[in-house]
Amino acid sequence: MIVAINKMDEKSVNWSQARFDEIVKETSSFVKKIGYNPEKINFVPISGWAGDNMLEKSPNLAWYKGVTLLEALDAITEPKRPTDKPLRVPLQDVYKIGGIGTVPVGRVETGVLKPGMIVTFAPANLSTEVKSVEMHHVSLPEAIPGDNVGFNVKNLSVKDIRRGMVAGDSKNDPPQETESFNAQVIILNHPGQIHAGYAPVLDCHTAHIACKFTELLNKVDRRTGAAQEEVPKNIKNGDAAIVKLTPSKPMC
């Protein structure tokens, strides 16, 4: 993780080290709550407007002895792309393009997307052939995890598929609608206590659906995930828990 602290050029801040230190202290408390060690995170003061400390050191931030934003990015170890897992492409949007047809757009999360594949869209359970795959108006022989692509599909209209659906390979563990699922949740900021029956709106990839806390299964240590209390009556700020969630609408 990198924390870039922007707008250091703003008049009320005026490149102040004191304000930077104040934000680092506040942010450190937040990232610690979700299991990160602040001592292993680069906190980088920058000005996106003026470009200070993004590519090169800035005389306006002479008090800062750390790395630039580019150096911090270069120091990150690139994770292995999960090409060996079943294909999953959450749809960000669906377009109708004249002379081409229906083009869903999304980022490949796992697996490999290729022209000629038969894909299934869940939770609608619709299957069709991929005619072509493009990224930045260039045709691709395949798309891998991390690629934001558009792919032309046969015999489906923009009314059949929509944002929030997930595409997968029909022949290799295709995505399916879920009745319920277990999730680890961390309560960062919520007034009062949360009981079973609470129904917040959940953003899961590109889906935006209300999901009910059907059961509070376990309170857990938010750093290690170790169980601390079975079937708690409620959870509150600072707690982490394994919760059974039930979507209010079809969800993949």
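Let's start with strand β4, which pairs with strand β8 (residues 148-153) in the antiparallel sense, over four bridges. To find one of the contacts between these strands, go to V105: its bridge partner in β8 is G150. Keep in mind as you look around that this is a predicted model.

Now turn to the other pairing of β4. Strand β4 covers residues 101-107, and strand β3 covers residues 89-97; the two run antiparallel and are joined over six bridges. A handy place to see this is K96, whose bridge partner in β4 is T102. Together β3 and β4 make a hairpin, with three residues between the strands. One residue to check in that hairpin is G99, which takes a positive phi near 85°.

So much for the strands; on to the cysteines. How many disulfides does a search of the whole structure find? The count is zero. A disulfide calls for two cysteine sulfur atoms within 2.5 Å, and a couple of cysteines show how that plays out here. Take C211: the closest cysteine sulfur belongs to C204 and lies 7.9 Å away, so the pair is too far apart for a bond. C252 tells a similar story, because its closest cysteine sulfur, also in C204, is 8.2 Å off, and that is too far for a bond.

What about the surroundings of these two cysteines, buried or exposed? C211 has a relative accessibility of 1%, so it counts as buried. C252, with a relative accessible area of 25%, is partly exposed.

Terms used:
Residues are numbered from 1 along each chain as its sequence is written. This is a predicted model: local features need pLDDT of at least 70, side-chain atom pairs count only at pLDDT 80 or more; totals for chains, interfaces and linings use all residues. Side-chain values use heavy atoms; hydrogens and water are left out. Two strands pair if DSSP finds at least two bridges between them. Buried means under 20% relative accessible area, exposed over 50%, partly exposed in between (1.4 Å probe, protein chains only).
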